[in-house]
Amino acid sequence: MSSPDSLAGPRPRATLLSIDEASELIAAHVTPLPAEQVALEQAYGRYIAEDLHAAIDLPPFAASAMDGYAVRAEDTPGRLTVVGESSAGSPYLGELRPGEAVAISTGAVVPAQADAVVPVEDVSGDGEQIELTAPVAPAAFVRNRGSDIERGDLILAAGTRLGSAQIGAAAAVGLGAVSCRRRPSVAVLTTGSELRQPGELLADGQIYDANGPMMTAALLTSGAGVEHIPAAADTSEAHRAALIRALEHDVVISSGGVSVGPHDLVRSIGSELGVREVFWRIALRPGKPLAFGVRGSTLVFGLPGNPVSSLVCFELFVRPALLALQGAPVVRPAWSSGVLGAAVQPQQTRDDLIRVRFDSTDRSAVLIPLKGQQSHQIAITAQADALARIPMGDAELPAGTEVAYLPLARS
């Protein structure tokens, strides 16, 4: 990967970055956050900072896979005397001698000299004597020591996200805590004198702040800690105060104020405060005015003000960066592949991220474009299941064309 300085070199003003070029530039400026010990019961969704190795064999002893009787395979078929019991947590401590059997529970220790387990439904008898009419194969229904994983083996590699199964594996080898990358602290800043909080009364020319709550919700699905800074009015003083507060965090996400109007102050005030702009504007619809910069280790994303533009830029660029700060190995959108359920006309100069729903009548990923693709139409976007990437071009893409898509997080 190129160095940050070479990637951030001068570009012609008329040149718009592609989605992939913008992702590469962001990736060059992302360094995983320091590690911290996290109790296992609080580690769901976290990314581990170092390889985890088994400190014990798993299972730590030969265990029964069935309720039944532990036997010596060479004694079968035949009549055996039951000399004791091995239950979970209470093993039979003696050695099995010829002609003997031990009643055993699932998960219990297989006694010494026993080499097989016969299920209870395959024997007859009165509990003191059992009869086996068929031979039992050696190792039948026995979970050998270390048959899951052996001591010293790799359980999980650094960068693995901990889900339920991964936490179960860590618990099974006795880990009460794991080393995870710190969660990023993120400041969400909306800009615009016209903004009011949901629930307030609107005066003429005012609108509700949809981006703040939307970004906060999106961040909760990205593992970040969030501070929602009150909306900044369209003055240099208000922007400066809000950005000074925001820049105390690992990541700043602003919405609005990154275009070329007289009240678009985010980039200029950010520059005064030491933010080095890495790029501004990309070949994307919606989301062209996206700005990205850094101040020290703080990542600064200037998202467009239109709600759908903000959402698209978040899913394409911000979410991957947040996950990478936590140790995810790739700073790229997690594209999936599907096919268009209707024809789409591409844009000639920009990739288009259109809102689609999944065709519920088809088990494959058939993507049905929604009616209403303008960047302000957030209410229509609420019906979308995903964002489909339509590469720039002249020719119409017919139904059935394979395209990449990003599922929209709802959990």
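Me: How far apart do the centres of the positive and negative side chains lie in the chain?
Reply: This is a predicted model, where local features need pLDDT of at least 70, side-chain atom pairs count only at pLDDT 80 or more, and totals for chains, interfaces and linings use all residues. Residues are numbered from 1 along each chain as its sequence is written, and side-chain values use heavy atoms, leaving out hydrogens and water. Lys and Arg count as positive, Asp and Glu as negative, with His and the chain ends not counted, and each charge is placed at NZ of Lys, CZ of Arg, CG of Asp or CD of Glu. With 31 positive and 45 negative side chains, the two centres are separated by 10 Å.

Me: What radius of gyration does the chain have?
Reply: The C-alpha atoms fill a box of roughly 95 × 50 × 45 Å along the principal axes. Taken over C-alpha atoms, with a globule rule of 2.2 Å times the number of residues to the power 0.38, a compact globule of 411 residues would come near 22 Å, but the chain has 30 Å.

Me: Which element gives the largest share of the largest nonpolar core?
Reply: A nonpolar core here is a set of buried (under 20% relative accessible area, 1.4 Å probe, protein chains only) Ala, Val, Leu, Ile, Met, Phe, Trp, Tyr and Cys residues joined through side-chain atoms within 4.5 Å. The largest one has 46 residues, with Ile-253 and Phe-301 among those with the most contacts (heavy atoms within 4.5 Å) inside it. Helices (H or I, at least four residues) and strands (E, at least two) are DSSP runs, numbered from the N terminus; contributors of two or more residues include H2 (19–28), E17 (251–255) and H7 (307–325). Twelve residues, the largest share, come from H7.

Technical notes. Buried < 20%, exposed > 50% of the residue type's maximum accessible area, 1.4 Å probe, protein only.
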